[in-house]
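Ready to find your way around a new fold? Grab a pencil and try each exercise before you read its solution.

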Amino acid sequence: MPKEFVKSFPPLRPNSKLLVLGAGFSGRRVANVVKAQGRTVICSRRNINSSGADIEFDSNSKDLPPIDDLKTITHVLSCIPPLATGEDPVLTKFLNHLQEMPLQWIGYLSTTGVYGDSKGEWVTENDIPKPQQPRSIRRLACEEAWKHSGLPIQILRLPGIYGPNRSALENFKNEKCKIIEKPGQVFSRIHVDDIAGAVLHLIHKSSQGEWPLVVNIADDLPTSNKDVLNFAAKLLEKPLPIVEPFERAIEEMSAMAISFWQENRRVSNHLLCKELGYSLLHPDYQSGLKDCLKHFKYQKNTNPNYS
Ligand SMILES: NC(=O)c1ccc[n+]([C@@H]2O[C@H](COP(=O)([O-])OP(=O)(O)OC[C@H]3O[C@@H](n4cnc5c(N)ncnc54)[C@H](OP(=O)(O)O)[C@@H]3O)[C@@H](O)[C@H]2O)c1
């Protein structure tokens, strides 16, 4: 990880220890930055043999990691999505453990899906959530449970997460890549490095007493799927994908994909960037995709089977 990148975020205070519950795509990136800053991080995954796992935590299992190993944790980031029942896996199984830790801050990664459909208007943390999709209703229930947990919680609402190995560039590995066109439809996004940066910034701010309960972490430029894929094609020097109107594309879409296209909103980052002073590393998809391209090229050059 480049030193300049690591240095651009405020480190946790000395003697702090971070526990990342659910070290998947976002959790692992946060953990790697904090480790590179010289602080102790413990990561959970459902299987101890998974890459990056220090402890095993699976809410479906009866076994919990031993509390003795976790008694000095000062900060927690929960990246684990709600259970199908709408309960939060961490609060259901791990609350007693959390209550035994000398916690200064807990971040809960939520989604901007809780805002529902704003018909393309901007949404801020002051808007009353109006979730429409069952998964967003479950998410809001988890947010509420965290708010009432008695723990030092901050809720971080995320739009579509992208980054190296998980971006519009990957669409071009698929020969069927196409642009779905729905006039007026935009999606908000966030690059995974800005999740890491914002988490560290918010921990730092909270230690200074600036602690809004809910913060959106989104980039500056909600954009259509078409603009993003066109730019990705340009970066990869590939022909532009064919364009298919949404009305036709919907016939072959999964229920999950359709649900994403049923909501149209622009997520404001005013609180994070203007009031709390976070500077985005990737303010828009163009900056973010150029970063993803560096990793994409590296992968292509080192993997002979990569097409
Ligand atoms: N992807 C998006 O675009 C997006 C957008 C907005 C919000 N979010 C939310 O933001 C959070 C982080 O997203 P992400 O994409 O970084 O997530 P991710 O890569 O899918 O990681 C999720 C983590 O949760 C763990 N997990 C899942 N169910 C669990 C359970 N029942 N018990 C214990 N651990 C469990 C997974 O364990 P394993 O490592 O063992 O798989 C994984 O480490 C998630 O809550 C996600 O729903 C995602």
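What follows is a short set of exercises on this predicted model, each with a worked solution.

**Exercise 1. Work out which residues and elements surround the ligand.**

Step one: count the shell. The ligand has 23 residues around it, and G22, G24, F25, S26 and R46 are the closest.
Step two: see where they come from. Three elements give at least two residues each, namely α2 (25-36), β5 (105-111) and β8 (160-162). The largest share is that of α2, with 3 residues.
Step three: sort by class. You get 10 nonpolar, 10 polar and 3 charged residues in this shell.

**Exercise 2. Write down the strand order of the open sheet, and explain what sets β3 and β11 apart.**

Step one: walk across the sheet. Its 7 strands come in the order β3-β2-β1-β4-β5-β7-β11, with parallel pairing.
Step two: look at the two ends. Both β3 (55-56) and β11 (214-216) are edge strands with a single partner strand each, so one side of each has no neighbour in the sheet.
Step three: add the helix. α5 (residues 192-207) packs on the sheet and touches β4 (75-78), β5, β7 and β11. The direction of α5 makes about 140° with that of β5.
Step four: zoom in on one pair. β5 and β7 (residues 153-158) run parallel and are joined by 6 bridges. Take Y108 as a sample: its bridge partner in β7 is I155.

**Exercise 3. Find the residues with the most contacts inside the largest nonpolar core, then follow one of them.**

Step one: list them. This core has 56 residues, and V20, L21, V30, I195, A196, V199 and I217 have the most contacts inside it.
Step two: ask which element gives the most. That's α5, with 8 residues.
Step three: check for another core. There is one lying apart, made of 9 residues, including L169, V228, A232 and L289.
Step four: follow I217. Leaving out residues up to four places away in sequence, I217 touches L156, L158, I190, D194, I195, A198 and L272.

**Exercise 4. Decide whether E100 is buried, partly exposed or exposed, and say why.**

Step one: locate E100. You'll find E100 in the loop between α3 (89-99) and β5.
Step two: count what surrounds E100. There are 13 other C-beta atoms within 10 Å.
Step three: apply the cut-offs. Buried needs 20 or more and exposed means 12 or fewer, so E100 is partly exposed.
Step four: look for contacts. Not counting residues up to four places away in sequence, E100 touches I67 and K71. As for D69, E100 is 31 residues away from it in sequence and 11 Å away in space, C-alpha to C-alpha.

Conventions: Residues numbered from 1 in each chain as written. Predicted model: local features only at pLDDT ≥ 70, side-chain atom pairs only at ≥ 80, totals over all residues. Near = placed C-beta within 6 Å. Helix = DSSP H or I, 4+ residues; strand = E, 2+ residues; numbered from the N terminus. Nonpolar A, V, L, I, M, F, W, Y, C, P; charged D, E, K, R; others polar. Pairing = 2+ DSSP bridges. Contact = placed C-beta atoms within 7 Å. Axes fitted to C-alpha atoms, helices over the stretch in contact; angles between N-to-C directions. Core = buried A, V, L, I, M, F, W, Y, C linked by C-beta atoms within 7 Å.
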